[in-house]
Structure formats: structure tokens, C-alpha cells
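User: Hi! I'm new to this structure and would like a friendly walk through it. Could you show it to me, and then I'll ask away?

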Amino acid sequence: MTEKTARATEKAVQRCIDAACGATFGLRERIYVCPRCGGTLEIETHPQALRSATGDPASLRTRWAARAASHDPIDGSGVWRYREMLPFDEPIPFVTLFEGNTPLYHGPRSARYCALDDLRLKHQGCNPTGSFKDTGMSAAITQAVVLGAKTAVCASTGNTSASLAAYAGRAGLQAAVLLPRGQISAGKLAQSLDYGALVCEIDGNFDDCMRLIQELGDDPSIYVANSINPFRIEGQKTVAFELMEQCLWQVPDHIVVPGGNMGNSSALGKGFQELLDLGLINRLPKLSVIQAEGAAPVARLFAGLDIEQAEGGDNLPAAMAPVKTPRTLATAIKIGAPVSWKKALRAVLRSGGEVIAVTEQEIADAKAMIGRDGIGCEPGSATTVAGIKKLVAARKIRADENVIAVLTGHMLKDTDYVSQYHRGTLAIDTGAGDPSSPQPIHGAFANTPERVAANKSAILSAMEKRR
Ligand code: F0G
């Protein structure tokens, strides 16, 4: 189907976000970037169709709340519960593992660490495969089923692949994942293997895998489920709806997310914008994105940006300089050329947020601090708390503001990192030419295991020392 033949009856279209192009395509077009200009695509729902599907916003809130108590799988899913907002026609051949429904915690120690009165942590790592990817994957694999694809593929730093493998498995599709060899945590790799995916270990980094994926996308039997795929973003945006329900519809002042390929920040921005357009909220929270210093092309671009000239995201720079050799121990976000940077930057600028970078030391210590709150997340997720601490110090966030950090992955995703931090052996390779490489990360909150004699008094005395 081409632009001209996009069905008028469809409630939404795929639109190129490039303002100079803006071409639209039907929902059944198996495309991942704009066929006309190569720009990024997003799903645009016709406002009228959305209004007639949703009815009056107040009744929508009641309907969603009622579904959360239902045992019907389509209602029990934290994605499909919000189906009025999704570009699928009923009956939807939805693929679900009961994704979403993740907790929103208070983190008192993390709040104090950031010099905030309060800090809440939305733990997307409590999804079925342990990361936020599941909400998007539920939608993307459903679209793969709609289109009759045989194989779902992705490039990944480990979490997308685990999620794709699981959801493709549920749907009875083949999964093939492209992973940068030796750069994926053992736990994430194990997931893809166990869920039965074809695991292709590629000699190269994530950005190389991503380039290969774009070539594979030409094959009509293959469906690309990276976050460049706008249906992924549709699933992922539902976290904004769930979050607002958990906040009793009181809009937080700041939402802070990690930035890798920039799909998550794009999705949150879209979710909140749609709630605003429908009148379900009266303002946008400031959306800020935190990258690791060694993989921070968007933070670098943002630092040099003339905010006024960017016109609230309507006038974005044409290009972004990639980081050729990204380096970070937070392997989930070790990405030098994020594909969704434009969408994400637009969302940040519209909301008045920031994009900044944090160091390896800051990430590691923030992760340990989140752990002290009894909440386990992976290193990439801890960029949020490290970034919030910096934004408070820079007076971009006030101590009494209402702040939510989105934790994207579970601690058990990367236990090597955690053990090394606490045993004092964590170090980052800073490159072959650097005589100071590898650079040790000092575990400011290290909790080294102790060898204790096998008797009660030795154990009691070990406890006493730590009290
Ligand atoms: N946090 C975790 C735990 C991730 O796995 C990722 C991305 C991000 C944050 C960044 O999100 O890419 O939407 O900006 N992981 C991808 C993957 C790239 O392949 O699993 P983003």
C-alpha cells in the first residue's frame, strides 16, 4: 500500500516526523523509516477517531481502572488495557505476557542521596522479561502477526533481544537477534537462548548490528522490532498512562529516563502528549534523558543547542554527530548512533526537560544507592538517579518538586557488574591507546562479602561491627 492508497477508514496513519516531508502511510505498510525521505516514522491517530473511540476523558479513566481489576487477558495486560489509544482494529490478535503493571516505589535513601524531599521510582524492570522492552514488544509482535510475518528480528544490547525472543515465542514466530559479540551480559544472552531465538553474535558493536537490521528489513517475511519501529513506541507509550493512574492523575514535575537508542524517551513523550491532547492531563511533566558519558551523542548535541532556535522541538538540528566507539559499563545503553534521537529530542524540548551525561562512577554509586532502598536495577537504569542528583545540584530540579525516575531493567540482568562493584574489582576499559586503562571504579557504597567462622558468636560479632 502506498501513501495514496492508505485506507481512509483506518483510525491512524504512519507519518514521517520530518516537518519538511510529513508523508503518511497506511498502518499495514511494512516500513520502518519514511520511504520518501528516510526520516523517522511515528503513528499519528486521527484526533476525531481517537475522540470517538475514547468518548469523554473522565469515562476513559473509569473504564481503564475497571479493566485493571478484570481477569480477561486483554484487560490484565498493562498495554492492551489502554487499547483505545493503540493503532489496532478489533478483534486484536494481541500477544501478551501480562506486561506493564509495574510498581511505583518511594525511594527515601535515593531521594536523600539526590538532595530531594521525595523521589519515586517506576520499576519497568518488573516486566515479564525484566525490562521495559516488553510493553513495546507486545505491540510490535502483535503487528508482526497482523502482517503475517514469519520472523521477527532486532539488533540489541541484550534486553530488546530477550523480550523479542519471548514474545515471538508466545506468538509462534521465529526470532532472530543480532548481538554485538562479547558485549552482552550473560543473563540477557541466556534469556534469548532459552526463549529459543536464533542468536547471531556479530563482530562489531550495537550500531553495526543496527545497520545490518536495516538491510534485513527489506525481506517481506521479516519484521523488524527495534524501537525504530513505530508500533514498538505505541506499546511503550502506555507506561505514561499507567504512571498517571498510579499518580492519581496528578502530573509529576519531572520524569527522568535513561537514554540509549532513545525509543523509551520518545515513547514517554508521546504518551504524555496524547494525554494532554485528550485533556486527561493539563500540562506535560518535564522529560529529561540521561546518557552515560562515554555514549552520550544526544547529551553532547543538547549541550550545544540554541534552545530558543529549536522552537520547542519544531526546529531540530538536521544531524547528530555519532560517538564512533561508545564506552560504558552500562552495556544496555552503549550506543553511539541512537536511531530515535529526533523524536526524543523533540519530546524533551516540548516539555522543557534536559539531556545530560553522567560518569561511570556516578552510575555505579547511584545503582548501589537504589539497591539500599531495596530496589534492584541494572546499571543503565541507575543513570536516572545519578542524573537527578546532578540536575538538583545544577538547580534544574528543586528539592520540593515531584520527581519520578524510570528504572528500565532488573538488577538480575547484570549480576557480574554488581558483584564486581561490591568486591572492588569493577573497572572500565578506556581504549587500547590509554595507559591508564582499565580505570577502576571505586565502590563508594561497596558491600563486600565477609568470610565468617561457622559459629554463632562469630556471626553475631560480624553483625555488631556493621550496626
Ligand atoms: N535501559 C535499559 C535497561 C535498556 O536495555 C535500554 C536499551 C535503555 C535503558 C535505553 O532505552 O534505547 O529506548 O533509549 N536497550 C536496547 C536493547 C538498546 O537492545 O536492549 P532506549
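User: How many bridges join strand 5 to strand 13, and do they run parallel or antiparallel?
Analyst: Strand 5 (residues 120–123) and strand 13 run parallel, joined by 4 bridges. Strands here are DSSP E runs of at least two residues, helices are H or I runs of at least four, and both are numbered from the N terminus. Two strands count as paired if DSSP finds at least two bridges between them. One thing to know early: this is a predicted model, where local features need pLDDT of at least 70 and side-chain atom pairs count only at pLDDT 80 or more, while totals for chains, interfaces and linings use all residues. Residues are numbered from 1 along each chain as its sequence is written, and side-chain values use heavy atoms, with hydrogens and water left out.

User: Which residue stands opposite Ala405 in strand 13?
Analyst: That is Leu121.

User: And what about strand 10 and strand 13, how many bridges there?
Analyst: Strand 10 (residues 254–258) is joined to strand 13 by 3 bridges, and these two run parallel. His254 is the residue opposite Val403 in strand 13.

User: Why is strand 13 said to be largely enclosed?
Analyst: Strand 13 covers residues 403–407, and 5 of the 5 are buried, so the rest of the structure largely encloses it. Buried means under 20% relative accessible area, exposed means over 50%, and partly exposed is in between, using a 1.4 Å probe and protein chains only. Val403, Ala405 and Leu407 point one way from the strand, Ile404 and Val406 point the other way, and all are buried.

User: How many residues of strand 7 are buried?
Analyst: For strand 7 (residues 174–180), 6 of the 7 are buried, so that strand is also largely enclosed by the rest of the structure. Strand 7 pairs with strand 6 (residues 151–155) in the parallel sense over 5 bridges. Within that pairing, Val153 sits opposite Ala176.

User: Switching topic: what is the strand order in the open sheet of 3 strands?
Analyst: The order is 2-1-3, and the pairing is antiparallel. Strand 2 (24–25) and strand 3 (41–45) stand at the edges with a single partner strand each, so one side of each has no neighbour in the sheet. Strand 1 (residues 12–16) meets strand 2 over 2 bridges in the antiparallel sense. There, Arg15 has Thr24 of strand 2 as its bridge partner.

User: Okay, what about the backbone? Which residues does a cis peptide bond join?
Analyst: One cis peptide bond joins Glu90 and Pro91, with omega of about -5°. Pro91 lies in the loop between helix 3 (73–76) and strand 4 (104–106). A cis bond also joins Ser437 and Pro438, again with omega of about -5°. Pro438 is in the loop between strand 14 (427–428) and strand 15 (439–440).

User: Why point those out?
Analyst: Most peptide bonds are trans, and most residues other than glycine have a negative phi.

User: So what is phi for Trp249?
Analyst: Phi of Trp249 is near 65°, a positive value in a residue other than glycine. Trp249 sits in the loop between helix 10 (238–246) and strand 10.

User: And Arg395, where is that found?
Analyst: Arg395 is in the loop between helix 15 (379–393) and strand 13. Its phi is also positive, about 60°, although Arg395 is not a glycine.

User: Is each of those two buried or exposed?
Analyst: Trp249 is buried, with a relative accessible area of 15%, whereas Arg395 is exposed at 74%.

User: Can we look at Lys342? Which helix is it in?
Analyst: Lys342 lies in helix 13 (residues 341–351). Setting aside neighbours within four places in sequence, Lys342 is in contact with Ile17, Asp18, Leu316, Pro317 and Ala318. Contact means heavy atoms within 4.5 Å.

User: Last one, how many helices and strands are in the protein?
Analyst: There are 17 helices and 15 strands. Of the 467 residues, 58% are buried. The C-alpha atoms fill a box of roughly 75 × 50 × 50 Å along the principal axes.
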